[in-house]
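Colleague: I'm new to this structure and would like to learn how to read it. Could you take me through some features one at a time?

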Amino acid sequence: MKRRKKIFLLRMLMLGVPFALWVFLFRDFISGRIFLNVDTFEHYAFVKYYFNNLFNGVFPLWQPFVKGGRPFVSLVTNVGILNPFLYIVGLLRLVGLDYFQAYMGFLLTYWIFGLAGFYVLAKRVFGKTFYAYSAYVLLLFSGLGDGMF
């Protein structure tokens, strides 16, 4: 049992070091010194509007700002309200962070869980830890990571 624990901790360290490097390299995006792109800013505005309404006691069913309005549930494919990770924003707001910090926390959490899932999938497909780790690092430092911001 001790050996499994050591292997698990080693893998977490192995996955955590490149992610920490990625966070360091993207610190200007995460801190807000470099502005969000148009798509991410649009989603940020949607999330802020949604949680502002929730915190004021209103469950919004309609988003009035996009294409003359559309239901919030229609945004399921675009990290919409049915995504449980989105509620990290509300949790972080309750802790005391502002909306931007909470949204960045959501993006980072969503990204790391996606990367971990990709690592597990790559390990099943390739059958070797080295190949899965290589795929993880390549995805982490590909253009998909900066596309979030």
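Modeller: Happy to. Let's begin with helix length: the expected span of a helix is 1.5 Å times one less than its number of residues. Keep in mind that this is a predicted model.

Colleague: What span should the 28 residues of α5 have, and how far apart are its end C-alpha atoms?

Modeller: At 1.5 Å a residue, α5 should span 40 Å, and its end C-alpha atoms are 40 Å apart, so the two agree. You can try α6 too: its 12 residues reach 16 Å from first C-alpha to last, close to the 16 Å expected. Just after α5, look for G127, which takes a positive phi of about 80 degrees.

Colleague: Which residues of α6 are buried?

Modeller: Buried means under 20% relative accessible area. In α6 that gives A132, A135, Y136, L139 and L140. They cover an arc of only 135 degrees around the axis, so they sit on the same side of α6. The face turned away from that buried side carries the exposed residues F130 and L138. As for α5, its buried residues include Y99, A102, W111, L115 and A122.

Colleague: Where do the nonpolar residues gather?

Modeller: The general idea is that in soluble globular proteins, nonpolar side chains tend to be buried together. Here the largest nonpolar core has 15 residues, and F19, W22, W111, L115, Y136 and L140 have the most contacts inside it. Two or more residues each come from α1 (2–25), α5 (99–126) and α6 (129–140). Apart from that core lies another, of 14 residues, with Y50, F51, L86 and L107 among them.

Colleague: How many aromatic pairs are there?

Modeller: Rings pair if their centres lie within 6.5 Å. By that rule, the count is 18 aromatic pairs. Take Y44 and F100: their ring centres are 6.2 Å apart and their planes are at 70 degrees, so this pair is edge-to-face. It links distant parts of the chain, with Y44 in helix α3 and F100 in helix α5, 56 residues apart. Y44 is also buried, with a relative accessible area of 12%. Ring pairs join Y44, F85, F100, Y103, F106, Y110 and F113 into a cluster.

Colleague: Now a polar one. Is N83 buried or exposed?

Modeller: N83 is buried, because its relative accessible area is 12%. You'll find N83 in the loop between β2 (70–71) and α4 (87–95). To read its surroundings, look for polar contacts. The side chain of N83 reaches the backbone nitrogen of F85 at 2.9 Å, and a polar contact of 3.2 Å joins the side chains of N83 and Y110. Y110 also belongs to the ring cluster we just went through.

Colleague: And what does the side chain of N53 lie 2.9 Å from?

Modeller: A polar atom of that side chain lies 2.9 Å from the backbone oxygen of Y49. N53 is in helix α3 (residues 38–55) and, at 17% relative accessibility, counts as buried. Leaving out residues up to four places away in sequence, N53 touches V58 and P60.

Colleague: One last residue: where is S31?

Modeller: S31 is in helix α2 (residues 27–31), and counts as partly exposed at 42% relative accessibility. Here's a way to see how the chain folds back: S31 and Q101 are 70 residues apart along the chain, yet their C-alpha atoms are separated by 7.8 Å.

Technical notes: Residues numbered from 1 in each chain as written. Heavy atoms only, no water. Core = buried A, V, L, I, M, F, W, Y, C linked by side-chain atoms within 4.5 Å. Buried < 20%, exposed > 50% of the residue type's maximum accessible area, 1.4 Å probe, protein only. Helix = DSSP H or I, 4+ residues; strand = E, 2+ residues; numbered from the N terminus. Arc of directions from axis to C-beta. Polar contact = N/O pair within 3.5 Å; in protein donor to acceptor, adjacent residues only side chain to side chain. Contact = heavy atoms within 4.5 Å. Phe/Tyr/Trp six-rings, centres within 6.5 Å; stacked < 30°, edge-to-face > 60°.
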